[in-house]
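Please keep the structure open in the viewer and follow the selections in the order given.

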Amino acid sequence: MTDPIKRTDNDLPFYQPAAGGIAARARAQAMPQYLSGLNPEQREAVETLEGPVLVLAGAGTGKTRVLTSRIAHILSTGRARPGEILSVTFTNKAAREMKLRLGQMLGQAVEGMPWLGTFHSIGGRILRYHAELVQLKSNFTVLDVDDQIRLLKQLLAADNIDDKRWPARMLAGLIDGWKNRGLTPAQVPAGEAAVFGNGRGGKLYAAYQERLKILNAADFGDLLLEGIRLFREHPDVLRQYQNRFKYILVDEYQDTNVAQYLWLRLLAQAPTIAKPDASFTSPHRGEVGLRSNPGEGAPSTSDSESPSPAPSLRDMATSPRRGEVTQAAPPATSAAPPKNICCVGDDDQSIYGWRGAEVDNILRFDHDFPGAKVIRLERNYRSTGHILAAASHLIAHNESRLGKTLRTEDVDGEKVTVTGSWDSEEEARAIGEEIEQLQRDGHKLNDIAILVRASFQMREFEDRFVTLGLPYRVIGGPRFYERAEIRDALAYLRVINSPADDLAFERIVNVPKRGLGDATVQLLHDHARKRKIPLSDAARAVVDTDELKPKARGSLRDLMLSFERWRGQREVKSHTELAEIVLDESGYTEMWQKDRSADAAGRLENLKELVRSMEEFENLQGFLEHISLVMDREGGVDEDAVSVMTLHSAKGLEFDSVFLPGWEEGLFPHQRALDDQGRAGLEEERRLAHVGITRARKRAKLYFATNRRIHGTWNTTLPSRFLDELPADNVEITESKGGSGWGGMSGYGPSRFDNVESFGSSYSTPGWQRAQAQRRGGNNGGQAGSGFNESQSPFGGSRSDAGFARRNPTTIEGELVAKSTGAASEFSLKDRVFHQKFGYGHVVKVDGNKLTIAFEKAGEKKVVDSFVERV
C-alpha cells in the first residue's frame, strides 16, 4: 500500500461527475439557464471574456445563441453594465432578434442596452452627439437615395456635365463605393476619379460633401465616414468611447467593408494619449485607415503629415491583391493591449464582395489583434450528414479561408442529388413535380425553397407554379412580373393591344423621359374627362392644337405615331419580335443600357427574359391574359407557399428541402464574377454555393440544364465545375422528372458519377415521337444513346420490346465533350433541316448520329439526328 505521505498527484484517480448522477444534476441546477444546452465549443466562446476572440461559426452552428449568451454572461457576472457593451449587427432584423432573446434571458436589462444595433444606427447616434465637430448640427438630415440623386443632378448641371452621358446614379454609386472604403474626397486615387466626367469625379465628390454640410445633411455612407474623421481629428472623443465600451461584440464580421473595419478598429483599441495618424494607407487599393502589421495590436500614432515609402505586400498580413500599394503603420507611442472584442463570423459565408465586403478582415483578425483566441463552432444543428459533407468538401477547394469542417450528430439522411435536364423549361417542370410529390407526402410548402443565382431564373418557376396552382412567394424582391422594368414593358404592350388602357398609357407616357411631365398628363386627363374619351384619343387630339408647348407637343406626337406604327407591325411581326422592336424604338432598352447603377444589368436580363417568356404563347393577347392571371395571384402572409429567392437573399434562412437550379458554367459560377475578379470571384461564387447547400435541413437538390436562354440567345451550357468538386460518396445522380429528359441528346465521357444508367426522357414533341416510332420499327434497332426510360415511354410497353439497348451511364464533368454514338446518320452535309426548338438550318458536320447544324436564328448547335427533320 502506498504511504499517504509519499503519494503524488499522479497516484490519485481522475474524477469526473457521472453523467446523470447527483453531482451532475446538482451542478446543472446551479448553472445559469443561458449556459444550459451549450456544447463545449459554444460554452468556451461564451465564457472567454478576456482579450480578443474570433468565433468562426459555420452555418447552423448556433452563432446567434453564442452572441446573446455571451452578453448575458457579461451582465450576469458583473463584468460590465448594459451601457458599457457595444454590440454591432448588420441588419435591424438581427438587432431586434438579439434584443428579443436577451429579453427572454435577462428580463428588462436589455432595455438598458443603448449600444446594441447596426453599424450605421450606432454610428449615426455617435455623430449626432458630436455633430458640430464635423461641421453639422445635431438635427442633421440623413438623405435617402432619391434625395442623393437629385442633389447630384444639380451639381452636374452646375458643372455643365451631360447627365445622359454621365448619369447621376453612376456618380452616386462611385461615391458610395469610395465611402465604403473610407476614402474622403482628397484621398480618392486620381485614376478612379478619372472614370467619371472626364476626370472630374473627385471634384464632384468634394462639391457634394460641401453641399451636404450647407444643407445640414449626411448620406448613409457619412454615418461611418464622418465618424472615422471625428475619431481621428478629436482623440479626446475617441478616448471617451474607448473608455465607455468595456466589451465589443460584432456579428457577421466577414461582411464588414473597409469603413466599418476602420470605425470598429479605432473603438477596439485601448485608450492612448497619442493622436492616431490618418496618413498611412490600408491594404485596400489605396484606402486610408488603421491597419496593423503582423504582431501590432495598437493603432498608429504618428504626427507625420506625409506617408513613408510603401513596403512590399509581403510585409502586410492581408491576402495580397494584384496591383495594390500598401503602407505599414508607424509604431505606436504606447503599447496598450487591445480591448475585449469578440467577432463572430464565417469566412466560408462571405458572399457580398460585390457591395464592398472584405473577407480579408476576418482572415487577418489574429494579426490585427495579437494573441487573439480563435474558437471554431463546427457542430451543425441544421443539416444532415450527407449535406454537410458535400458542403464541406466543396468549400475546401477555396484557398483563402481559415479552415473548419462542419459535422453533425444527426443521421446521414438523404444524399445530395444532382439532376440534368435538356433545358430550363424542363428544369422548372421537374422541380415543380418534385415539389408536388413532397406536398402529397405531407411536407409543408413553407419548408421548401428554390434558390437561384440570377433573378431572371425566377420567371419560369413563377409561370410553372401558376400553371400547377402551387402557392409561392418571392423573398428579397418583387415577383418577376411585379418588377418595375417588367411593368413598364408590359404597359407598352398593353397600350398596343388596347389603346383605351389609360393606366398603362399614363405609366409609360414619360418613360423614358420625353419632357411630358405632370402638367402634360393633367392636361390630357382634363381633355379626356370632358370628352369622355381615353387618354390615347385625348393625346391624338391635343397634338394638333396649341395647348402644349412645341417641345412637349412634338414628343407626344412622336409617341402616338410610334404606337400607330407598332400596331401596324403587329399584323406582320410575331409578338416576340414586336416586343423587341417596341423596347428598342421607344428608347426603353437604351435607358437601362446607359444606367450605370449596379442593378441595371439585371434589369436588362429581366427584359430579355420577358421576351423569351412570350414565345410560349400564340399571340400578344394570349400572353397578356396569362400575365393577368399571374398578377391576380395574391397569397396571404400566413399562406403555405414555396419560397423563391436568390442565393444572396437566402443567407441566414433554412428550409427542409432546397432546390438549387442553374448549376452551369457562366451562370454559376457567374461569368461576370470570373471576368471581373478572377480567382477571388471564383472563390466567392464557391462560398455562395456553400451557403446555398447549407440552407437545407433534410434535402439539397441540384439541377443543371444542357440548354439555356442567356441574354436572349440559346446556349449549350456545361455543368458547373462545382458539381465535380462534390464528394461522390455523398451525391446521387437522379433522373429528370420534367417530362423530356436530356439523355438522348448527347453522350458524355466517363465520370466518377457513373452510378446510374440514364437520365430519363419522355420528350413529347411530334418530331421526337416520329423519330422514336421509326426506331421502334427497327431502323436503328439496338442503337445505344437514346437515354429513354422504360417507365416514361410515351408509346407504352417495354423498351426491350422495341429493340433498345441501355445507354452508357450519364455523366457530369467540369468539362464535357459530346461524343459520337450509334450508327452513321442518314443525313448528309448541306441538308436543310428543321429542329423543334432551334428552327431551320443546314448540316455542316456529321459525326455518327450527331449533327452539327448552322441554324438560321440560334447559331451553330450539335444535336442528335433523331431530333431533326429534312425539309
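Select serine 586 together with tyrosine 588: the serine side chain lies 3.3 Å from the backbone nitrogen of tyrosine 588. The model is a predicted one. Serine 586 belongs to the loop that runs between α23 (575–585) and α24 (588–594), and both helices may be coloured for orientation.

Is serine 586 buried or exposed? Its relative accessibility is 9%, and because buried means under 20%, serine 586 counts as buried. To display its surroundings, add Tyr492, Pro512, Arg514, Trp566 and Ile581; serine 586 touches each of these, residues up to four places away in sequence being left out of the list.

Next, turn to the sheet. In which order do its strands lie? Six strands make up an open sheet, arranged β3-β2-β6-β7-β1-β8, with parallel pairing. Select β3 (116–118) and β8 (373–377) to mark the edges; each has a single partner strand, so one side of each lacks a neighbour in the sheet. Viewed along the sheet, the twist from one strand to the next averages 15°.

Keep β8 selected and add β1, residues 53–57: these two strands pair in the parallel sense over five bridges. Within this pair, alanine 57 stands opposite leucine 377 of β8. Finally, select helix α2, residues 40–47, which packs on the sheet and touches both β1 and β8. The direction of α2 makes an angle of about 145° with that of β8.

Conventions. Residues numbered from 1 in each chain as written. Predicted model: local features only at pLDDT ≥ 70, side-chain atom pairs only at ≥ 80, totals over all residues. Heavy atoms only, no water. Pairing = 2+ DSSP bridges. Helix = DSSP H or I, 4+ residues; strand = E, 2+ residues; numbered from the N terminus. Axes fitted to C-alpha atoms, helices over the stretch in contact; angles between N-to-C directions. Contact = heavy atoms within 4.5 Å. Buried < 20%, exposed > 50% of the residue type's maximum accessible area, 1.4 Å probe, protein only. Polar contact = N/O pair within 3.5 Å; in protein donor to acceptor, adjacent residues only side chain to side chain.
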